[in-house]
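Trainee: I have a protein chain open on my screen and would like to learn how to read it. Could you walk me through a few features, one at a time?

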Amino acid sequence: MESKKLFSRKNLLNSLAFSGVLFVNTLNPQGISAESQKSIDIPKVVSYRSASCGCCKKWVNHLRDNGLEVVDNVIEDVSAIKKQYKIPNNLRSCHSAQIGEYKIEGHVPIESIKKLFKEKPSISGIAVPGMPHGSPGMELHSHESHSHDNYESYKVVSFSNSGKTKIFDKIYP
């Protein structure tokens with residue numbers, strides 16, 4: 001009789017332990033504890049755009065939707081900011097931003113911004129020249145083209161204050 005009680009207690013303890021593991025994995029399905037996830041600290045974004053640019057507002061919303069705090073400055077002359085930030089002419093796009101010490105030009109996706117703050121390279125900033133289809137703010141919205149088939153692959157380019165550029169990231173649809 002005593003061995004049955006011991007066996008039952010052991011089964012009960014094993015069941016409780018399994019239930020605890022199951023419960024924790026339900027709360028955290030990736031099985032990664034909060035302590036093991038390294039958070040990337042990204043400072044407040046200070047963005048500059050013209051009032052007439054709808055894609056720039058969508059880019060700001062892309063950053064906000066991904067948890068970044070954004071100060072959205074609508075200004076008359078965005079080119080003055082680009083000159084102040086020393087954005088190379090061949091990398092200029094429709095809006096500019098500063099995040100910490102880094103300059104951000106154009107439709108840079110959140111993934112590249114996270115990479116920037118994870119690696120913290122010694123550069124002035126990153127840019128997406130032009131306005132590639134499928135980049136944040138440049139998504140296609142017609143009913144027949146919701147697939148990513150019409151999106152372009154594009155490059156995120158790093159730049160220095162001296163104007164030196166280099167491929168920083170490649171984005172594929």
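**Reading the model step by step**

Mentor: Happy to! Let's begin with one residue: Val108 sits in the loop between β4 and α4. Keep in mind that this is a predicted model.

Trainee: Is Val108 buried or exposed?

Mentor: Buried means under 20% relative accessible area. Val108 comes out at 0%, so it counts as buried.

Trainee: Which residues does Val108 touch?

Mentor: Leaving aside residues up to four places away in sequence, Val108 touches Trp59, His62, Ile113, Ile126, Ala127, Val128, Pro136 and Val156. You can also look at C-alpha distances: those of Val108 and Gly137 are separated by 9.5 Å, with their positions 29 residues apart along the chain.

Trainee: Let's move on to the helix. Which residues of α4 are buried?

Mentor: Helix α4 covers residues 110–119, and its buried residues are Ile110, Ser112, Ile113, Leu116 and Phe117. They span an arc of only 165° around the axis, which puts them on the same side of α4.

Trainee: What do those buried residues pack against?

Mentor: The partners of the buried residues of α4 are one helix, α2 (54–65), and the strands β3 (96–99), β4 (102–106), β5 (125–128), β6 (154–159) and β7 (165–171). Look just past the end of α4 as well: Lys120 there has a positive phi of about 45°.

Trainee: Now for charges. How many salt bridges are there?

Mentor: First, the general idea: side chains of opposite charge can pair when their charged atoms come close. In this model the count is 4 salt bridges. One of them joins Asp72 and Lys57, at 3.6 Å from N to O. That pair links distant parts of the chain, since Asp72 is in strand β2 (residues 70–74) and Lys57 is in helix α2, 15 residues apart. Lys57 is partly exposed, with a relative accessible area of 32%. There is also a network of salt bridges linking Arg49, Lys57 and Asp72.

Trainee: Which residue forms a salt bridge with Glu105?

Mentor: That is Lys82, and the closest N and O atoms of the pair are 2.6 Å apart. Glu105 lies in strand β4 and Lys82 in helix α3 (residues 78–84), so the pair ties together parts 23 residues apart in sequence. Both Glu105 and Lys82 are buried.

Trainee: And which residue pairs with Lys115 in a salt bridge?

Mentor: Lys115 pairs with Asp169, with 3.9 Å between the closest N and O atoms. Here helix α4 supplies Lys115 and strand β7 supplies Asp169, linking distant parts of the chain that are 54 residues apart. Compare their accessibility: Lys115 is partly exposed at 25%, whereas Asp169 is buried at 15%.

Trainee: Last topic, pockets. What is the volume of the largest pocket?

Mentor: The general idea is that rolling a probe the size of a water molecule over the atoms shows where empty space is left. Here the largest pocket has a volume of about 180 Å³.

Trainee: Which residues line the largest pocket?

Mentor: The lining consists of Pro121, Ser122, Ile123, Ser158, Phe159, Ser160, Lys164, Thr165, Lys166, Ile167 and Phe168. The elements giving two or more residues to this lining are β6 and β7, and β7 gives the most, with 4 residues. By type, the lining residues divide into 5 nonpolar, 4 polar and 2 charged.

Terms used. Residues are numbered from 1 along each chain as its sequence is written. This is a predicted model: local features need pLDDT of at least 70, side-chain atom pairs count only at pLDDT 80 or more; totals for chains, interfaces and linings use all residues. Side-chain values use heavy atoms; hydrogens and water are left out. Buried means under 20% relative accessible area, exposed over 50%, partly exposed in between (1.4 Å probe, protein chains only). The arc is that of the directions from the helix axis to the C-beta atoms. Contact means heavy atoms within 4.5 Å. A salt bridge is a side-chain nitrogen of Lys or Arg within 4 Å of a carboxyl oxygen of Asp or Glu. On a 1 Å grid over the protein atoms alone, a cavity is a set of points where a 1.4 Å probe fits but cannot get out, and a pocket is an open set with protein on both sides within 12 Å along at least five of seven lines; lining residues have an atom within 4 Å of a point. Grid points are joined across faces, edges and corners, and a volume is the space filled by probe spheres set on the points. Ala, Val, Leu, Ile, Met, Phe, Trp, Tyr, Cys and Pro count as nonpolar, Asp, Glu, Lys and Arg as charged, and the others, Gly among them, as polar.
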